[in-house]
Each structure stands twice: as C-alpha cells, then as structure tokens.
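Trainee: I should like a close look at a single part of this model. Please take one strand and describe its surroundings in a connected account.

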Amino acid sequence: MGLEEALPSGILLTTVEKVAGYARKSSVWPATFGLACCAIELFSAGGPRHDLARFGMERASATPRQADLMIVAGRVSQKMAPVLRQIYDQMADPKWVISMGVCASSGGMFNNYAIVQGVDHIVPVDVYLPGCPPRPEMLLDSIVKLHDKIQNMKLGANRRAEIEELEQARLRRLPLAQPAGHPGAGGSQPAGIGAPPPTLPGHAAAERDRAAVAPHEPGEQP
C-alpha cells in the first residue's frame, strides 16, 4: 500500500516540527564509543539477527562530524573522559547520547577513583540503558524510545519554552528522602524532642485524638 492509497484526497496536513522530527529520527547516525563488554552487545545489535539497519542506523560513523548519536558502551575512565567530551563537542547538532550499561550510567561495580561514576558528569544523557551488559534487544528498545523523543522534540521558541518548563519542574520536584517525622515537603525542623507527630489520614487522626483525651480505668493501658 503506497502513500497515495493512505491519502485518498491527496492532501496531507502536518507541522514543521513533525516533519523535522520524522526526518531526524529516521536518519540517526551513531558514533559508537565502545569501551568495555557492553560494546560486544552493541556490535551484535548491528548483526543480521537484530538488524539495526531497520532503523536506518547501520552507518556507524568513524568521524564525530558525521554523527549525531553517541552510544557510550562501557565504563568511562578518568583518562578517557576528556576524549569522550571532545568527540561529543565535535558531533553535529542536534545530538543525543545513550548511556549503555550500568558502568556507563553509574560506575557500576567500579566504585573507585579511576572510573567516572556516571557518564552524565561528562556529557548530557538522553536515555539510560541498564544491564551488565544489556542485551541487544534492550539497546533496540532504548533506541525506539530515543526515536520517540526525537519525533516529539519542539523547535525554536517552543523548544526554549519546553526547556524552561522542564527546568521549573525539576526545581519543584520533592527530594527522594524526607527527615524522619516529617512526611510533608515543607518541614525543615529535625525530628526528635519537640518534633510534631506525623500527619495521619482523617479517620486515624480522629482515633488518635480520641484515645488521647478519653479517661482510662485503673490498670488499663491507654
């Protein structure tokens, strides 16, 4: 079935953002950065079994100036970090980064001074791919998610408004851990003597207050 059969009227209405997003996601050229065992799974994704060419990504560029996707596959050492950043700076805009494997994403088992504890300290990461090492199917799934992100990326003034909205959302995000005794977001007083009791649901709070003021018989536990 051709395009003319899908459009019986012969007219197609769309936006510049949709057309640019479709063109970009369909022509992503990766600059592979294989550093450890994750690179073997990355090579497998390009083989005939998984066929990365289905997504128009079989051309792994040997120069960063002809690539717009960096796949960091493996742990990043402190000595390799400046090289990685230099290659990222030489890539064409707009560009994206996939952090492949737990070592590239968070340092993994190499919690020492020689390994960068997350490649996001060096370059901005768009998609984090867990696993040690992740299977090629997982890499393909992360690529599909990145394609969806590229397809829906805003342009021009809308892009700047989207970035501002995301930054404000991050600033409003609650911390992952609250001080003990303070389940609310605004509490700054440390838990301990004089700290207010935790907030309970309406029925549980009423039962607590009723038990606090009710008289108790001698020998009865409050």
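Mentor: In this predicted model, strand E2, helix H4 and strand E3 form a β-α-β unit of right-handed sense. E2 covers residues 69-73, and it runs parallel to E3, the two being joined by five bridges. Within this pairing, Ala73 has Met100 of E3 as its bridge partner. E3 also runs parallel to E4, with three bridges between them. Here Met100 appears again, since Leu129 of E4 is its bridge partner.

The burial of E3 can be read residue by residue. In a regular strand, side chains alternate between the two faces of the sheet. One side of E3 carries Trp96, Ile98 and Met100, the other carries Val97 and Ser99, and all of these are buried, so that both faces are covered. Because five of the five residues of E3 are buried, the strand is largely enclosed by the rest of the structure. The cut-off behind this reading is a relative accessible area under 20%.

The approach to E3 contains a notable backbone feature. Most peptide bonds are trans. The bond from Asp93 to Pro94, however, is cis, with omega near -5°. Pro94 belongs to the loop between helix H4 (81-90) and strand E3 (96-100). A further cis bond leads from Cys132 to Pro133, with omega near -15°. Pro133 is placed in the loop that lies between strand E4 (127-129) and helix H6 (136-151).

Helix H4, the helical member of the unit, also carries a salt bridge, in which the side chains of Asp89 and Arg85 meet at 3.1 Å, N to O. These two residues are four apart in H4, and therefore about one helical turn separates them. Asp89 counts as partly exposed because its relative accessibility is 44%, and Arg85 likewise counts as partly exposed, at 32%.

Beyond the loop that holds Pro133, helix H6 offers a similar arrangement: Lys145 and Asp141 both lie in H6, four residues apart, about one turn of the helix. Their closest N and O atoms are 2.7 Å apart in a salt bridge. Asp141 is partly exposed, with a relative accessible area of 40%. Salt bridges with shared partners also connect Glu41, Arg135 and Glu137 into one network. Within that network, the side chains of Glu137 and Arg135 meet at 3.5 Å, N to O. Glu137 is partly exposed at 39%, and Arg135 is partly exposed at 43%. The count of salt bridges comes to six.

Conventions:
Residues are numbered from 1 along each chain as its sequence is written. This is a predicted model: local features need pLDDT of at least 70, side-chain atom pairs count only at pLDDT 80 or more; totals for chains, interfaces and linings use all residues. Side-chain values use heavy atoms; hydrogens and water are left out. Buried means under 20% relative accessible area, exposed over 50%, partly exposed in between (1.4 Å probe, protein chains only). Two strands pair if DSSP finds at least two bridges between them. A crossover is right-handed if, with the strands pointing away from the viewer, the path from the first strand over the helix to the second runs clockwise. A salt bridge is a side-chain nitrogen of Lys or Arg within 4 Å of a carboxyl oxygen of Asp or Glu.
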